[in-house]
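Here is a guided walk through a structure that may be new to you. Have the sequence and the 3D view ready, and follow along chain by chain.

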Amino acid sequence: MSSDQSTQTADGRTIGGPIMEVKDISLKFGGVTAIKNISFDINEGEIRAIIGPNGAGKTSMLNVINGFYHPQEGQIVFRGEARTAMRPYVAASQGISRTFQNVALFEGMSTLDNIMAGRTLKMKKNFFWQMLRFGPAEVEEFEHRKVVEEIIDFLEIQAIRKTPVGRLPYGLQKRVELGRALAAEPSLLLLDEPMAGMNVEEKEDMSRFILDVNDQFGTTIALIEHDMGVVMDIADRVVVLDYGQKIADGLPAEVQANQDVIDAYLGVAH
Amino acid sequence: MTSATLAAQLDTIPKLLARNATTFGEKPASREKEFGIWQSWNWAEVHANVEEIALGMLAIGVKAGDHIVIVGKNRPALYWSMVAAQSVGAVPVPLYQDAVAEEMAYTLDHCGAKFVIVENQEQVDKIFEIPGQTESIKKVMYLDPRGLRKYDHRNLHSFEDIRTLGKEDQSRLQSMLAERQKVQNYDTTCVMLYTSGTTGKPKGVVLSNRNIIESAKSSSEFDDLKVGDSVLAYLPMAWVGDFIFSIGQCYWAGFCVSCPESEETMQNDLREIGPSYFFAPPRFFETVLTAVMIRMEDASKTKRRMFKFFMDVAKKVGPDLLVGKPVGFMDRLKYRLGTILVYGPLKNRMGMTRVRVGYTAGEAIGPEIFEFYRSLGINLKQLYGQTEASVFITLQPDGEVRPDTVGVPGPGVEIKIDDDGEVHYRSPGVFIEYFKNPESTASTKDPDGWVATGDAGFIEDDTGHLRIIDRAKDVGKMADGSLFAPKYVENKLKFYPNILEAVVFGADTDSCTAFINIDISAVGNWAERNNIAYGSYQELAGHERVLDVISGHVKEVNQSIASDPMLSGCQVHRFLVLHKELDADDGEMTRTRKVRRRIIGEKYNDLIKALTDGSKEIFTETEVTYEDGRKGSISATLQIRDVEVVARKAKAA
Amino acid sequence: MDLLYDIFADPFVQMAGMPDFFVQVLWEGFVTGTLYALIALGFVLIFKASGVFNFAQGIMVVFAALTLVGLYQAGVPALLALVLSLGVMGTLAVSVERLVLRHLVNQPDIILFMATIGLSYFLIGFGEFIFGGETKSMITSELGLPTGSSVVDFAGGIVIFQHIDIAAVVIAGILVTSLALFFSKSRIGRALRAVADDHQAALSVGISLNQIWVIVWFAAGIVALATGIMWGARSDVSFALQIVALKALPVLILGGFTSVPGAIVGGLIIGFGEKIFEVYWGGLLGGGVEGWFAYVIALIFLLFRPQGLFGEKIIERI
Amino acid sequence: MIYRETGQFKTNYKADNSIFPILQDRIAIIFYLFVAFIVIPAFGSDFFINSMMIPFLIFALAAIGLNILTGFTGQISLGTGAFMGVGAYSCYKLVTIFPDTNVIFLIVISGFFSAAIGMVFGLPSLRIKGFYLVVTTLAAQFFLEWCFIRIEWLYNYNTSGAIEVPRREVFNVIVTGPEAAAVTQYLVVLSIVVAMTWIASNLIHGRIGRSWMMIRDMDIAAELMGVRPLYAKLSAFAVSSFYAGVAGAMMVFMWLGAAEVESFDVNHSFLILFMVIIGGLGSIKGSFLGAAFIWMLPVVLRAFPKALGLDVPVATVEHVNFMIIGGLIIFFLIIEPNGLARIWALLKQKLRVWPFPY
């Protein structure tokens, strides 16, 4: 976190020291080990990719980071505070926000309300004011609406503002979900396969949005992605998992050249 | 107050703004849908904003006479920038936002712009792509900072920075601004607009304050435009029409200009705003009508029957009711009922409930389409104009609206037809010159101020209405010497919803032939209803049954043309349906979607040959440009159809 | 102190002091539990094969019994009425599949659940509309079921065994055994089990989902008829019984929704539990605790083991 | 068709966010209120007011309560009847203990007692979902029913076991008891229902309502977005039970005049659930539509054979009513799982896009 650790990237972004350190995490379900003794860190301001073949434990790793799964061993240091497990609610209130592999939007609500939902933690007016609605609760609602509208503008989804999300095509749903995560103004944004199931054009759009988010708001991003091309394009550093273990960690080019990684992706027997 | 003293006081747009700020300070002047709601500014606020921007411009060293290029979608801040540029004595030059970098490079270089105001990153990128821009352009200013944070900001400023710079040195700059405004008058340049032109490089049309204000004034009076009216600004800012509506008339009459949120939401925004004064090219009205018909196809049978019944009633009596002609009691009653059940809701869906004055221009509009809107009770009219005339040459007065004319000369406009049939005009709106192009100026405008329109036409003896046949240079002779007016034929073809574009060839040949572009939404819908499967535009365009349908249309057109002895030689003997849509990116059309006949003729030379040599089909390969600028090619084998023609009567004269 | 004594000591003193009465209570609990288990069993059948939480199972019990008695009262011989009632339950199964389930495929579970609530209302209205709303008594002897009772000397007192209760337990045993055999041995039974795991797999066995639904609903109908006869013989036949039938729900909570042994064990636990609690502790609360005891037990149980006795721990995925 | 939205644009969030953003809807609401507050009291017969309007409004309020829990928060409950009972018995005790206090005030206060009880029985919802929750709410239903019988203090040790509403006046107007005028009671009920509907709508359109819907739509994502399930679910249980409680108190004090445990049995829970399903899950408007439908249906059914001159026994009508309601529930779930509110919305949409089909 200290400034002496920070570096400038070629395109002028500032990357600081570690905002999160994952230390020796192991996670088991019953007898099955999903994650085995994994450590890595995420620096402030960077785009960190977590990649690996199917079943490598990537999503489980994200679930551990934001408190949905509680690891049996190891600890997580987030902004200098170490803990082994926390409730997802606590993670959210600490500034960890995320999207999901299979879009997990609130289907019964509009795009606008979904993104407003991302502001939940920032809204404070109590039950009494909510009951009356006019007055402070309304003022608060509109302050947050303004922020949400800026996100809508940012993601260029004005035309679907009031559409129920269930009716949107998949690509747009993913975008709305990103908007919802952004609405929380996270200091760490976790993206679980943000480009899964998209066509080339949608992938390009999404990559641009991710880069813009990182650039515009300086948000630290950890993302899981299958498309190696995309990862190489947008990630600052990459950690590679396979069968719940870390097999490589470094700059995209280094990782790409790593023999273990190549083996893992080609399916060499262990 | 005589018009002379009025003119003396209100002889620049900034002065009009100052008047509006004091006279209708609280009335809305600009709106823009942003962040989900209609942000609104009244005249006083607009005035303050323009001044703030103007001070900023002074702060970064804009000099009198500088050209300031403005690129972006319709946004209040960009309109304000134009007026701010005028206040500091500079000349605003709006450009088409979809222009590619090369086009932009040409205009920037031609006008020698030192300052550029753009909307967003996309436009900044285009500017920075231009080689050598760093030397010529001093400052680029942008509205939307998104994605621009890490750009080199030595010559790049956000709009907010400019405003701040102005505020920091307010007292000094304020007096400077007053100085600049003092020397401006009716003959100061108001704006420079590049005409896309059907041929050659774009020309910069210089329009003075007199041109713009006089035009705005007389046209506002013509249609009684006033405070409280409202328009939606969605047509390109670089187009003269938008400048006249959204700045000229708006500042003269003091009405409100609203800018849509984005291209996709335009229809919705139109409905929300419900303008009272509306302009759209024929293509827009055509698209909307097609959409209406397609959606009605899906309605239940009873609803369709009801719709048809009332549309027939409307067709019969609607136009008469609109101009207050006497109509029978039963018809009046039926029309009243139709207003409740069909016309009212339909206008509501189209966002045209409140349209008091509607105009279309630029091209001929299909009589069916035109009558449809009028029968609903929408006062849609036609006008004829040019950039060089500050838009207005002729307009249709209320009560004299017909689909086949373009109206009578506007207030202060004189018209004459020369021996070749070309239309000439003279008016207070006539442009000063083509920038840095005296030859063209001279060839277009004679010393007496008469301007050649380049269009062939005639004035109807009994009504005094002007009728336009075609581009003067496109009206040619066929091999046998009879008149060849391709556009006349093309327009007749295009009146069919299934036909998007048509290009007719026949100069110096024995018979006419045509390229047809099908309208994918209309034909696609038809195909769906008739269980015709197709995978692509190309496949649909080449389908036997589609060709049959088009063939039928061409035959009908031939019959209609044959009834006019002057033009009966223009009947289409053979045609083909093109395998791709004509596209501005491929240079086949102008940005305003006018066909570039010569370029098409060269590009598809092989097809034209096949049309004339009697072959039944032809294989061809065409280069196309994709949206992102990449090039590719498509190939197809096109069928050529012969069409029945009506035997020509003996030549009249 | 007295209260503590009343709660923690006195009931046990009573149990030990009057063992014959205690055994009588146990027997009553056992029989009630068996009948709860039967209702729950019909429920489990349907849930396993179609994932439908059939709220109407309890109503089906009453409906079946009402049909039987109603037919008999209309002059149909008892055994023929029994056969016809079976037919009615079969028709019901087919109608439910045709008119309800088929149209609700792929709907959320909760929608299907609510549809079965609608079904129970319909069956109540239909049953009473056809056979009248008044309380009826079961045609126990006409069906050849034993009546009367045996008195057994025990530990210095007596325990009374109603013959119909014994029959109920025996029939329940036979039903459970034959169902178990049906499931494990027959081709259809195996398909049913496959369906529970994987709908695609079931299709590959060659039985359509629709057929399977009809079969399980019919099987549940048979169980319902048997339960209805037993229950009707012990009390009366009327839709007031539905309140009792609802107790299948806590039974299921204890046993788990998909487990046949669970249903049996759950039924017995509730049966024993509520009788003993009512007799030995109910007095402290003023009596009538049978009405809610099962639910409260289930509620407490849920807080500690939400997946039931035999269910597996659910791992939530996102 | 009647909608003319052209030119209705919003220049601020307050207008954009209003519950009735379309002018024509605002006019309609004013019209409904006018009819309810002026026309019906002026022209409605006592029978109409007493046996149609008052129960309709009371059930609508209870349905709103259940809808908050089931429709908006996704937690099914079969304990509404009992929660209404808690409200009724609390009100009875309050009126006994504070005989001089404004009875309308006490009716509203009694909602807090059912809210508290509701929260207690809502606690298991933190660990369990779906069908399992149904069982816990049934536990509440049967346990509370038992309490209404066994705890004699609740009904002042009456030998009949029933609670009877005493005569109470507010500002010298008789509001409760046998002498109270139907119109007076109607206006009291209407005012409370309108006010509480307005509050419910406010809650639903704000942060709290959103957090309920987040829990309903995707509880895991909701928690990861910072919604505390404990708060969201318990607040839904509390508000829902509060509404049920006030409805229950009004049912006894403003309509029935006397009640015993049967008035709050599980069948009432079903009835309210049906109103919510047929009316439309997750819609306040639906709660009114559902209540009107379920309550008016038997009235219509009873009147129908009479109109045809047939003499059908009351019991038969009752049975047919059951069949029809049961059948309709299934019908609605198949054809339109979102109930009358959805049909209403579709009709409205039809009118908005008229003459187009979509």
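What follows goes from the places where chains meet to the spaces inside the protein.

Keep in mind throughout that this is a predicted model. A good place to start is with chains C and D, since they have the most contacts among the 5 pairs of chains that touch. Chain C brings 49 residues to this contact, and chain D brings 40 residues. Between them, chain C and chain D bury about 4,100 Å², and 82% of that area comes from carbon and sulfur atoms. If you want residues to click on, try Met114(C), Tyr121(C) and Trp292(C): they supply 17% of the area that chain C buries against chain D, more than any other three residues.

How many salt bridges cross between chain C and chain D? The count there is 0, and 1 residue pair is in polar contact (both at pLDDT 80 or more). On the chain C side, the elements that give two or more residues are helix 5 (78-100), helix 6 (109-131), helix 12 (248-255) and helix 14 (290-304). Helix 6 of chain C gives the largest share, with 16 residues. Sort the chain C residues that touch chain D by kind and you get 36 nonpolar, 9 polar and 4 charged.

Now swing over to where chain D meets chain B. Here 20 residues of chain D are in contact with 30 residues of chain B. The two bury about 2,200 Å² between them, with 60% of it on carbon and sulfur atoms. On chain D, look for Thr6(D), Phe9(D) and Phe356(D), which supply 31% of the area that chain D buries against chain B, more than any other three residues. Chain D and chain B have 0 salt bridges between them, but 13 residue pairs are in polar contact across this interface (both at pLDDT 80 or more). Helix 1 (13-16) and helix 14 (339-353) of chain D are the elements that give two or more residues to this side. The chain D residues that touch chain B divide into 10 nonpolar, 5 polar and 5 charged.

What about chain B and chain C? They do not touch, and their nearest C-alpha atoms are 25 Å apart.

Salt bridges do turn up elsewhere: over all chains the count is 75. One of them joins Arg210(D) to Glu141(A), with the closest N and O atoms 3.1 Å apart. This pair crosses between chains, running from helix 8 (residues 207-217) of chain D to helix 5 (residues 136-155) of chain A.

Next, the spaces. The second largest pocket has a volume of about 860 Å³. Its lining takes in 28 residues, with Leu289(B), Met293(B), Glu297(B), Glu368(B) and Pro497(B) nearest its centre. Helix 13 (282-297), helix 14 (301-322), helix 16 (367-375) and helix 19 (520-529) of chain B each give two or more residues to this lining. By kind, the lining of this pocket has 14 nonpolar, 4 polar and 10 charged residues.

Finally, there are 13 cavities of 30 Å³ or more. The largest cavity has a volume of about 150 Å³. Among its 17 lining residues, Phe55(C), Gly58(C), Ile59(C), Ala245(C) and Leu246(C) lie nearest the centre. The lining of this cavity divides into 12 nonpolar and 5 polar residues, with no charged ones.

Notes: Residues are numbered from 1 along each chain as its sequence is written. Chains are lettered from A and ligands numbered from 1 in the order in which they are written. This is a predicted model: local features need pLDDT of at least 70, side-chain atom pairs count only at pLDDT 80 or more; totals for chains, interfaces and linings use all residues. Side-chain values use heavy atoms; hydrogens and water are left out. Contact means heavy atoms within 4.5 Å. Buried area is the accessible area (1.4 Å probe) that two parts lose on being put together, summed over both. A salt bridge is a side-chain nitrogen of Lys or Arg within 4 Å of a carboxyl oxygen of Asp or Glu. A polar contact is a pair of N or O atoms within 3.5 Å; within protein, one must be able to donate a hydrogen and the other to accept it, and residues adjacent in sequence count only if both atoms are side-chain atoms. Helices (H or I, at least four residues) and strands (E, at least two) are DSSP runs, numbered from the N terminus. Ala, Val, Leu, Ile, Met, Phe, Trp, Tyr, Cys and Pro count as nonpolar, Asp, Glu, Lys and Arg as charged, and the others, Gly among them, as polar. On a 1 Å grid over the protein atoms alone, a cavity is a set of points where a 1.4 Å probe fits but cannot get out, and a pocket is an open set with protein on both sides within 12 Å along at least five of seven lines; lining residues have an atom within 4 Å of a point. Grid points are joined across faces, edges and corners, and a volume is the space filled by probe spheres set on the points.
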